[in-house]
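User: Could you walk me through reading a few local features of a model? I'd like the general idea, then the case at hand.

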Amino acid sequence: MSTKKRVVSAALAAAVGVSLLCGFGFAKKDYVYQQFETAEPVTSVTVKDASANVTIQAADTDHITVRYAALPDEEPLYDLSVQDGRLVVEARDDVDVDTTDDGGPALVRVRIEGHSIDPTPDRELTVTLPDKQYEQLEAGLAVGTLKVEGVDAKTLSVAAAAGEAEVSGVQAEQLELSSAAGKVILRDTWAQKAEVAAAAGSLQLEGVEADELSVSSAVGGASLKQVTAGDLEIGSVLGNIQLEDVWADSYTKAGIILHTSGQIQKR
């Protein structure tokens, strides 16, 4: 899929994400914490949430811990299961966050039925995983912040519809990171192939190394610092690009880039 097509697709996805921000107001709540633990062997992880601040992290532990905030006497908020080596943590709200795009980058499609989403959630969900390599990790969020820290996965897909998506300290063969309306951060990461996209928001990459790296935005700027790539592709419909200590074997750009500061050096 070309950068131009990715950027246009991201712009369409932004309309969905931005629409989630209209007309909601919620008072801060007093939460209690629920916890789920399992020592069952897991090779892949799926986390899907509607409205929360989600952290998925690797730690020096031999078991999985899922901890989340809930209101007193509230019904369980998540369906949690381990089947055939896959851990699934999925919100019971009728919200579907689709993080794939026909083999292309992880642009976001959201389906909501009869559900109001808090545009500034303070509810927390933390998933702590043993520090090892996973076959696949997929995380999707409608509204809030989504962070993945220190995970080693062959395939890593992280997508937020309206909010911040951040990946740091990870290793992946295939990495897809995106937000429809919000900030996207990728730092201290190695990937064989990485695709980073934002529709309406900023992109920030720092300390990133990849054999193939695609960076695309529809509306918003992109900052690349201490980035090394074999093939580097940058696309933008309307935005500025800041480059600092960026190296690549080959470089292509697409779309309309209003201003570029810095330069890409030959590796």
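**Reading loops, strands and a core**

Analyst: Let's start with exposure: Asp 73 is exposed, its relative accessible area being 81%. Keep in mind that this is a predicted model.

User: Where does Asp 73 sit?

Analyst: Asp 73 belongs to the loop that links β3 (64-70) and β4 (78-83).

User: What should I look for in the backbone there?

Analyst: Check phi. Most residues other than glycine have a negative phi. Asp 73 has a positive one, near 65°, and is not a glycine.

User: Which sign does phi have at Asp 84?

Analyst: Positive: Asp 84 has a phi of about 50°, and again the residue is not a glycine. You'll find Asp 84 in the loop between β4 and β5 (86-91). With a relative accessible area of 83%, Asp 84 is exposed.

User: Now a strand residue. Is Thr 46, in strand β2 (residues 44-59), buried or exposed?

Analyst: Buried. The cut-off is under 20% relative accessible area, and Thr 46 has 10%, so it counts as buried.

User: What does the side chain of Thr 46 join up with in a polar contact?

Analyst: The side chain of Arg 86, at 2.6 Å. Setting aside neighbours within four places in sequence, Thr 46 is in contact with Arg 86, Leu 87, Val 88, Val 89 and Glu 138.

User: On to the core. Which residues of the largest nonpolar core touch the most other members?

Analyst: That core has 58 residues, and Leu 156, Leu 175, Leu 205, Leu 213 and Leu 224 touch the most other members. Strand β14 (residues 222-261) gives the most to this core, with ten residues.

User: Can we zoom in on one of those? What does Leu 175 touch?

Analyst: Not counting residues up to four places away in sequence, its contacts include Leu 156, Val 167, Leu 186, Thr 189 and Ala 194. One of these is a bridge partner too: Leu 175 stands opposite Ala 194 in β12.

User: How do I read the strand pairing around β12?

Analyst: Go partner by partner, looking at direction and the number of bridges:

- β11 (residues 171-181) pairs with β12 in the parallel sense, over nine bridges.
- β10 (residues 152-168) and β12 (residues 184-200) are also parallel, with four bridges; here Val 167 stands opposite Leu 186.
- β13 (residues 203-219) runs parallel to β12, and 14 bridges join them; Thr 189 has Val 208 in β13 as its bridge partner.

Definitions and conventions:
Residues numbered from 1 in each chain as written. Predicted model: local features only at pLDDT ≥ 70, side-chain atom pairs only at ≥ 80, totals over all residues. Heavy atoms only, no water. Helix = DSSP H or I, 4+ residues; strand = E, 2+ residues; numbered from the N terminus. Buried < 20%, exposed > 50% of the residue type's maximum accessible area, 1.4 Å probe, protein only. Core = buried A, V, L, I, M, F, W, Y, C linked by side-chain atoms within 4.5 Å. Contact = heavy atoms within 4.5 Å. Pairing = 2+ DSSP bridges. Polar contact = N/O pair within 3.5 Å; in protein donor to acceptor, adjacent residues only side chain to side chain.
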